[in-house]
There are 2 protein chains.
Amino acid sequence: MKQQAAFRALADPTRRAILKRLQGGAMSAGEIGEAFDITPASLSHHFAVLKQADLVRTERRGQFIVYSLNSTVVEDFARMVLDLFPAKGKTGAKG
Amino acid sequence: MKQQAAFRALADPTRRAILKRLQGGAMSAGEIGEAFDITPASLSHHFAVLKQADLVRTERRGQFIVYSLNSTVVEDFARMVLDLFPAKGKTGAKG
DNA sequence: TAGATATTTAGACAAATATCTAAATAAGAC
DNA sequence: GTCTTATTTAGATATTTGTCTAAATATCTA
């Protein structure tokens, strides 16, 4: 997994909001953009950062480019986060 | 919890390494710094960012300032991360 | 073909950030 | 009190980053 890319991607509030918005399901770039007050170009930049971190996947559908969450990454990422802290005495699982 | 501060703090690899280093237990600023090739001033800057995010706590002990992980934050933070992704374990459609 | 829509790419720019050196602060040793 | 050690703060600078406008690319429709 692309650790640094994922942490960096999540550091921006707009990108976290994009991920949140994708929780409801796949959405085109334009639909995602409706919720934000930035230009399509800026949005596209954020998509690129999220893609580079493997947090989202894309699929072209006609004129549209549809974005969806790469849900499998969450496990790796959450584990990575937990791994930054000492084991929390439960189930003796070591991080 | 200081969401943005925490995400931002973790975006830097040096700061993540500092947290890792603190897993072994509390440590003075100087001891932490032995593992890194940056000046004490730069290190101090990273400490400030981590403190602002409540990820570490400090305690002066004589000449030294001892840093320790604020372990309670991990739960909030992990939950926050998980919250960015769709609920898992029920519909878990992996694709 | 031309034109409209959807999205990305390129280039520029201001704000944020990581780093440094130098100076300041705090505590212990003499 | 003065010196030494530990750490932070202040100020400067180069890099990174988020945003914009303008242009390019891709697809659809007539």
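**Strand C**

I started with DNA strand C and found 24 residues around it, with A:Gly30, A:Tyr67, B:Thr39, B:Ser42 and B:His46 the closest. I called a residue near a strand if one of its heavy atoms lies within 4 Å of it. Of the strand C atoms that come within 4 Å of the protein, sugar and phosphate make up 78%.

Ground rules for my notes: this is a predicted model, where local features need pLDDT of at least 70 and side-chain atom pairs count only at pLDDT 80 or more, while totals for chains, interfaces and linings use all residues. Residues are numbered from 1 along each chain as its sequence is written, chains are lettered from A and ligands numbered from 1 in the order in which they are written, and side-chain values use heavy atoms, with hydrogens and water left out.

Next I went through polar contacts to strand C (pairs of N or O atoms within 3.5 Å; within protein, one must be able to donate a hydrogen and the other to accept it, and residues adjacent in sequence count only if both atoms are side-chain atoms). A:Tyr67 puts a polar side-chain atom 2.3 Å from a phosphate oxygen of strand C. B:Thr39 uses a polar backbone atom, 3.0 Å from a phosphate oxygen. For a base, I noted A:Gln63: an N or O atom of its side chain is 3.1 Å from a base oxygen of strand C.

Which elements give two or more residues to this surface? In chain A they are helix H3 (29-33), helix H4 (40-52) and strand E3 (64-69), and in chain B helix H2 (13-22) and helix H4 (40-52). Helices (H or I, at least four residues) and strands (E, at least two) are DSSP runs, numbered from the N terminus.

I sorted the residues near strand C by class: nine nonpolar, eleven polar and four charged. Here Ala, Val, Leu, Ile, Met, Phe, Trp, Tyr, Cys and Pro are nonpolar, Asp, Glu, Lys and Arg are charged, and the others, Gly among them, are polar.

**Strand D**

Around DNA strand D I got 23 residues, and A:Thr39, A:Ser42, A:His46, B:Gly30 and B:Tyr67 come nearest. Sugar and phosphate account for 77% of the strand D atoms within 4 Å of the protein.

I looked up three phosphate contacts from chain A. A:Ser42 has a polar side-chain atom 2.6 Å from a phosphate oxygen of strand D, A:Thr39 reaches one with a backbone N or O atom at 2.9 Å, and A:Arg15 has a polar side-chain atom 3.0 Å from one.

**The two chains**

How does chain B map onto chain A? A rotation of 180° with 0.0 Å of shift along its axis superposes them at RMSD 0.0 Å, by least squares on the C-alpha atoms of residues with pLDDT of at least 70 in both. That is the relation of a two-fold axis. I also saw that 93% of the interface residues of chain B are interface residues in chain A too, so the copies meet through the same surface.

**Asp54 and the chain A fold**

A:Asp54 caught my eye: its phi is near 65°, positive in a residue other than glycine. A:Asp54 sits in the loop between H4 and strand E2 (56-61) of chain A. Buried, exposed or partly exposed? A:Asp54 counts as partly exposed at 35% relative accessibility, with buried meaning under 20% relative accessible area, exposed over 50% and partly exposed in between (1.4 Å probe, protein chains only). B:Asp54 also has a positive phi, about 65°.

Last, I noted that chain A has five helices and three strands, running α-α-β-α-α-β-β-α from the N terminus. Of its 95 residues, 38% count as buried.

How values were computed: Contact = heavy atoms within 4.5 Å.
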